[in-house]
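The following note is offered to a colleague who is beginning to read protein structures. Please keep the model in view while working through the numbered points.

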Amino acid sequence: MDATVTVTAVEEVGPDTYAIRFSTPEGFAAEPGQFVKLGTELDGESVARFYTLSSPSTTGTFEVTVGIDLEEGGEFSQFLADLEPGTEMDLSGPYGDDHYAGEERAVVLAGGPGIGAAVAIAEAAIESGNEAALVYRDDEPAHEARIGALRENGVVVHLLAGNADLTEPVADVLTGATGEAAFVYGFADFVADAEAAIEAAGGDADAAKVENFG
């Protein structure tokens, strides 16, 4: 769908990383792991980017997590950095089939900006009475408060440095149990490492739900 959405809150959740929350327009629904296109008009031109949802639901409001690089991101990054509640943006979506769909155990592997989708999926699983595990690789982690809350709710979390090998952490959380699904969110190098770790653990990387950020 296409709609206009209004910013309700902006929170810094890591170095140069912000969770932006929007009011949910009537008729809009999306699952954690799906993504939307958000845009605005700058200097008379329409500018838009794709962002994966970082909220476990879209009831009332929904959230995306955005990493902002003011040196390389241009005018749109500056626009996002200056966002305040009440700002309106254009929304299209949701898009994507690789999202949480009620699996009994969600094993989420996240690199860098993939953490937004990862915490959303893990939270959705726990809220549904299911299980979750998280492997997150980043030198400057974001959403640490939500990761801590997941740990308190029984989620096994491996928080790794940016160059860490994924093999042992993935083998620890991937059980092969009925109803288990692996989710992978991150840039191409992380996706390749995650898929190799899944195979090394005896899993099927082709069956994983993967969102490659390029």
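**Note on helix 3, its neighbours and the sheets**

1. Glycine 154, just after helix 3, takes a positive phi of about 90°. The reader should bear in mind that this is a predicted model.

2. Which residues of helix 3 are buried? In this helix, which spans residues 144-152, they are Arg146, Ile147 and Leu150. They lie on the same side of helix 3, because the arc they cover around the axis is only 100°. A general property of helices is relevant here: an α-helix has 3.6 residues a turn, so residues three or four places apart point the same way. Ala145 and Glu152, on the other side of helix 3, are exposed.

3. The buried residues of helix 3 are covered by several elements, including strand 5 (61-67), helix 2, strand 8 and strand 9. Of these, helix 2 merits separate attention. Its residues Ile115, Val119, Ala120, Ala122 and Glu123 meet Arg146, Ile147 and Leu150 in helix 3. The buried residues named above are thus found again at this contact.

4. How do the two helices cross? The axes of helix 2 and helix 3 come within 11 Å and cross at roughly 30°. Angles under 35 degrees count as roughly parallel, and helix 2 and helix 3 are therefore described as roughly parallel to each other. Their crossing is left-handed.

5. Helix 2 (residues 115-127) also lies across strand 7, strand 8 (131-137) and strand 10. With respect to strand 8, the helix runs at about 165°.

6. These three strands belong to an open sheet of five strands, ordered 9-8-7-10-11, in which the pairing is parallel. At the edges are strand 9 (156-160) and strand 11 (209-212), each of which pairs on one side only. From one strand to the next, the twist averages 10°.

7. Within this sheet, strand 7 (residues 105-111) and strand 10 (residues 180-186) run parallel and are joined by six bridges. Leucine 109 stands opposite valine 184 in strand 10. In general, strands of a sheet pair through backbone hydrogen bonds, either parallel or antiparallel.

8. Antiparallel pairing is found elsewhere in the model. Strand 1 (residues 2-14) runs antiparallel to strand 6 (residues 88-95), and five bridges join them. Here aspartate 2 stands opposite serine 92 in strand 6. Strand 6 is also joined to strand 3 (residues 35-42), by four bridges, and this pair too runs antiparallel. The bridge partner of leucine 38 is leucine 91 in strand 6.

Terms used
Residues numbered from 1 in each chain as written. Predicted model: local features only at pLDDT ≥ 70, side-chain atom pairs only at ≥ 80, totals over all residues. Heavy atoms only, no water. Pairing = 2+ DSSP bridges. Axes fitted to C-alpha atoms, helices over the stretch in contact; angles between N-to-C directions. Contact = heavy atoms within 4.5 Å. Buried < 20%, exposed > 50% of the residue type's maximum accessible area, 1.4 Å probe, protein only. Arc of directions from axis to C-beta. Parallel < 35°, antiparallel > 145°, perpendicular 65-115°, else oblique. Left-handed = near helix turned anticlockwise from the far one by under 90°.
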